[in-house]
Each structure stands twice: as C-alpha cells, then as structure tokens.
Amino acid sequence: MADEAMARQGKTLTLSVFSRRKRDGNKLVVLTAYDLTSALIAAAGGVDAILVGDSVGMVVLGHNNTLPVTMADMVHHCRAVVRARPRVPVIVDMPYGSFHVSPEATVANALGLIKEGGAHAVKVEGGQQRREVIQALVAAEIPVMGHLGLTPQSVNRLGGYKVQGREEAAARQLRDEARLLAEWGCFALVLECVPSSLAEQVSAEVPIPTIGIGAGAGCDGQVLVFHDMLGLFTGLKPKFVKRYAELGTAARDAVARYAAEVRGGEFPAPEHTYDEKPSGRTDGSPANVSGQSGYLGDLAEDGK
Ligand code: KIV
C-alpha cells in the first residue's frame, strides 16, 4: 500500500519512510513546524516528516540568525509539535553549541531532545568535522539526519548566507562528506543551497535520501520552512522559496477588519454575545459532551 494511502487511513509513518521512499523512487515531503497548530496543519496536509528546525529562532523568536537558539528552546517547541500527535516522524535540530563541546555532551543533549522533546531523530549541521559526534549519536541509537551545503549555524565562518559547492574543490568535498555521513550511519541528509547539478550527483551517489532546500529537483525529497511557504514570514524571500499561500497578507487584512469593526461598533454582534440566563439545559451538562462544543461548555458556538 502506498504511504499516502496509509497516512490517510490514520496509520503512523516511522523513520523507515526515508529509506523506503529512496528505494521506491518516490519523493519525500518534509516541512518545518514549531508548535501545535503548525504541526496539525503539516500533518493534515500530508507531509512525510516534520522538522522542528532551529529556524524557529528566526521565524518565531525574532533572532537575526539561528545561533542564539538554545536546547531549552528546541525542547519547548518540539514538545508542542509532538502534542499534535502528527503520526509522522519528528526530527529536531540540535542547536548551535549543543554538539560542539564533546561527543558525550552531544549524546546527552540529543537524549534530552528525544526523552523530553519527544523527537524521533536529531539533525546535525556539518560534514567532516562532525565524525566523532555523529558516530557517538549513532552508537547511542539516536537516528541522525545530516545537513551539508549552506549550514546556517556556520554563518559567521561562511561570511553570510551564500550558495555552496560552486567551485570544483568545494563540490568534491561536499560529495565526499555526503558519502561519509552515509557511512557513519545518518539516515538522511539535507542539502541546502547548492547547485542543482551537484545535488543531483550526490543524490545518485549516496545510499541515503537527500532532502533539498535550494538544491533543485534532483534531490530525493524537499523541505521548506512553514512560515516561508505560507507567506507568513515576509521579511526575506530567498529564490528557493515558493509561496503556496499569502497568509501574512490575509492575516494583516483580517486584523485591520477586526480593528475597524471594534472601532465602528460592529463587533461584537448579537451572535457573539451571551444572554443573561443559560437556556435549554437545567442540569449543568455541557452542550455536547462528545464533541468540541462539549469541551468548550457554555463557551461553545451554540452556548447561550
Ligand atoms: O532550521 C531549519 O528549518 C532547517 C531547514 C531549513 C533545513 O534546517
């Protein structure tokens, strides 16, 4: 049975979806989420996996880059995503500093993201220099997703957000590092902002799926940031982002209408207000004990 059909029937996808899709030549769809609502939307939209990205630092927490994001931030947001019970694997970014000190500290931090955050896997940025920590994570039975190309946590070293792997030597290094990540046991690999020909070559060379962002159509799957693809984060629009909706504009228009209606006395209207005495029920039972309005009790839409 196809994965899409399984998901529709309420079955749970596990991390094995990554190797299965690569084997069967079907694309993987990954989206970031940072809280209950974004995770519910992502899952209902039919993604194969959710990434609790440290992009949370930029699109939710208001930082200029991902460097200030803490372990506590990632645990907090991961828990909110997991509470949505999305029935797809949840992968969480290890934030800057959480895997740079020692393999022991890295494993302890990753265990925190799994045990407290509820994630199924962690993502670690970097190649060659991550050998020890990735091997330690894999030895501790923590599934690891790699991340090569533009690694945003390296923004200071890279001197900004730039396309990576354009020069021959850099491309060769990236291909070597992709092979190493697979050898060390990563189950998948994000390729960010690299030429599409290089991403295609890597995808053909490595046995694990490549998940592209700004890396062209030759990858085994794609990932986008929730706020970018929905047009919620309008500060910056890199070339690789496609906006599938303009929710930021729609939300601003809605807020402006609300403000105008409050000031004009149109909101709240009679249908949004309560009568003095509750009508109908005399036993204090909620409007509908089995559904959403039961949960809301007298606050439900049909509450008087
Ligand atoms: O933090 C993030 O959202 C990411 C994706 C862009 C891959 O790392």
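This is a dialogue about how labels such as buried, partly exposed and in contact are reached in a predicted model of a protein chain with a ligand.

Trainee: What makes the confidence of the protein chain uneven along its length?

Mentor: The mean pLDDT of the protein chain is 92, and 90% of its residues reach 70 or more. Confidence is nevertheless lowest in helix α1 (residues 3–8), with a mean of 53, and highest in strand β4 (residues 121–125), with 99. Over residues 282–293 the pLDDT is below 50, and in the model this stretch has 13 contacts beyond near neighbours in sequence.

Trainee: What makes up the protein chain in terms of helices and strands, and how many of its contacts, as a percentage, join residues 24 or more positions apart?

Mentor: The protein chain has 13 helices and eight strands. Among its contacts with a separation of 6 or more, 57% are between residues 24 or more positions apart. Of the 304 residues, 38% count as buried.

Trainee: Why is Leu148 called buried?

Mentor: Leu148, which lies in strand β5, has 28 other C-beta atoms within 10 Å; the label requires 20 or more, and Leu148 is therefore buried. Leaving out residues up to four places away in sequence, Leu148 touches Gly127, Leu174, Glu177, Ala178, Leu189 and Leu191. For one of these, Leu174, the two residues are 26 apart along the chain, while their C-alpha atoms are separated by 7.1 Å.

Trainee: Why is Ile142 called buried, in the loop between α7 and β5?

Mentor: The count for Ile142 is 20 other C-beta atoms within 10 Å, and the cut-off is 20 or more, so Ile142 counts as buried. Ile142 touches Ala110, Ile114, Val122 and Leu137, residues up to four places away in sequence not being counted. The C-alpha atoms of Ile142 and Val107 are separated by 8.3 Å, although these residues are 35 apart along the chain.

Trainee: How do you know which face of helix α7 the buried residues line?

Mentor: In helix α7 (residues 131–139), the residues Val133, Ile134, Ala136 and Leu137 are buried. Seen down the axis of α7, these buried residues fall within an arc of 160°, and so they line one face of the helix. An α-helix has 3.6 residues a turn, so residues three or four places apart point the same way. The buried residues of α7 pack against α6 (103–115), β4, β5 (144–149) and α9 (168–184).

Trainee: Which residues touch the most other members of the largest nonpolar core?

Mentor: That core has 70 residues, and Ile50, Val52, Val122, Val144 and Leu189 touch the most other members. Val122 is in contact with Ile91, Val92, Met94, Ala110, Leu113, Leu137, Ile142 and Val144, neighbours within four places in sequence being left aside.

Trainee: Why is Cys193 called buried, whereas Arg87 is called partly exposed?

Mentor: Cys193 has 21 C-beta neighbours inside 10 Å, and because 20 or more suffice for the label, Cys193 counts as buried. Arg87 has 13 other C-beta atoms within 10 Å; since a residue is exposed at 12 or fewer and buried at 20 or more, Arg87 is partly exposed. Glu246, in the loop between α11 (226–229) and α12 (247–264), is likewise partly exposed, with 14 other C-beta atoms within 10 Å.

Trainee: What makes the backbone at Arg87, Cys193 and Pro268 worth a remark?

Mentor: Most residues other than glycine have a negative phi, and most peptide bonds are trans. Arg87, in the loop between α5 (71–82) and β3 (90–93), has a positive phi near 60°. Cys193, in the loop between β6 (188–192) and α10 (196–205), has a positive phi of about 50°. Phe267 and Pro268 are joined by a cis peptide bond, with omega about 5°, and Pro268 has its place in the loop between α12 and α13 (292–296).

Trainee: Which residues surround the ligand, and what makes up this shell by class?

Mentor: The ligand is surrounded by Thr32, Leu51, Gly53, Asp54, Ser55, Asp93, Val190, Glu192, Ile213, Val223 and Val225. The shell has five nonpolar, three polar and three charged residues; Gly53 counts among the polar ones, because glycine is placed in that class.

Technical notes
Residues are numbered from 1 along each chain as its sequence is written. This is a predicted model: local features need pLDDT of at least 70, side-chain atom pairs count only at pLDDT 80 or more; totals for chains, interfaces and linings use all residues. pLDDT is the predictor's confidence in each residue, from 0 to 100. Helices (H or I, at least four residues) and strands (E, at least two) are DSSP runs, numbered from the N terminus. Two residues are in contact if their C-beta atoms, placed from the backbone, lie within 7 Å. The arc is that of the directions from the helix axis to the C-beta atoms. A residue is near a molecule or strand if its C-beta atom, placed from the backbone, lies within 6 Å of it. A nonpolar core is a set of buried Ala, Val, Leu, Ile, Met, Phe, Trp, Tyr and Cys residues joined through C-beta atoms within 7 Å.
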